[in-house]
Amino acid sequence: MPDLNYSYLACIAVYTMNLVPVGLKYSTLFKASGGPSQYENENPRSMVANLKAKGKIDAKTEEYCQRLTGAEANGYEINPFFWLAVLAANQAGVPLDTIYPACAVFLGARVVYYAIYATGGRSLSYLRSASFGVANICNSFLLIKAAGLL
């Protein structure tokens, strides 16, 4: 049996992390609006606005849910880039002792990103952007190593 390649597990972890904002958003909406019976499966993307219009949630809850939606969307945007970088580095034969630290930094940057996006406002937005930048640097580093340019 081949050795376990943790960089591929990092790909699973980054996808799983993206489910956290989704879970937080819906648990917040269920709690604030009176339970899962308020879930609008026919049009879930407008559920926050509809609940706000019906007076089921307040402005603070609406803002929090919008931030969680933004965090979720950002994960869908950056995760494929990470998966591509990990796959390219592995296929190119980049040593695992080079790939693993880049994956760990990427995962750490994403945890920081999600935490700041969910809790922060304007005062922390620059730190959130910095964590996004760190994650992109990890992706770029792996792709550059895969191309043999470093």
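Which residues make a nonpolar surface patch of about 410 Å²? Select Leu4, Tyr6, Leu9 and Ile12, and you have that patch on screen. Keep in mind as you click around that this is a predicted model. Leu4 sits in the segment before helix 1.

Next stop: the inside. Select Phe82 and show what it touches. Leaving out residues up to four places away in sequence, you'll find Ala10, Cys11, Val14, Cys103, Phe106 and Asn139. Phe82 also belongs to the largest nonpolar core, a set of 22 residues. To see the members with the most contacts inside this core, add Val86, Ile99, Cys103, Phe106 and Leu142 to Phe82.

Now colour the helices. Helix 1 (6-17), helix 4 (59-91), helix 5 (96-119) and helix 6 each give this core at least two residues. Helix 5 supplies the largest share, with 8 residues. There's a second core to look for as well, apart from this one: it has 8 residues, including Tyr26, Leu29, Val48 and Leu51. As a rule of thumb, nonpolar side chains in soluble globular proteins tend to be buried together.

Last stop: go to helix 6, residues 125-147, and pick Asn139. Is Asn139 buried or exposed? Its relative accessible area is 0%, under the 20% cut-off, so Asn139 counts as buried. Show the residues around Asn139 to see what it touches: Ile78, Phe81, Phe82, Ala85 and Phe106, again skipping anything up to four places away in sequence. You've already met two of these names: Phe82 and Phe106 are on the list of core residues with the most contacts.

Notes
Residues are numbered from 1 along each chain as its sequence is written. This is a predicted model: local features need pLDDT of at least 70, side-chain atom pairs count only at pLDDT 80 or more; totals for chains, interfaces and linings use all residues. Side-chain values use heavy atoms; hydrogens and water are left out. Helices (H or I, at least four residues) and strands (E, at least two) are DSSP runs, numbered from the N terminus. Buried means under 20% relative accessible area, exposed over 50%, partly exposed in between (1.4 Å probe, protein chains only). Contact means heavy atoms within 4.5 Å. A nonpolar core is a set of buried Ala, Val, Leu, Ile, Met, Phe, Trp, Tyr and Cys residues joined through side-chain atoms within 4.5 Å. Patches are made of residues with over 30% relative accessible area and no salt bridge: like charges are joined within 9 Å, nonpolar side chains (Val, Leu, Ile, Met, Phe, Trp, Tyr) within 5 Å. Accessible areas come from the Shrake-Rupley method with a 1.4 Å probe; for residues, only the protein chains shown count as cover. A salt bridge is a side-chain nitrogen of Lys or Arg within 4 Å of a carboxyl oxygen of Asp or Glu.
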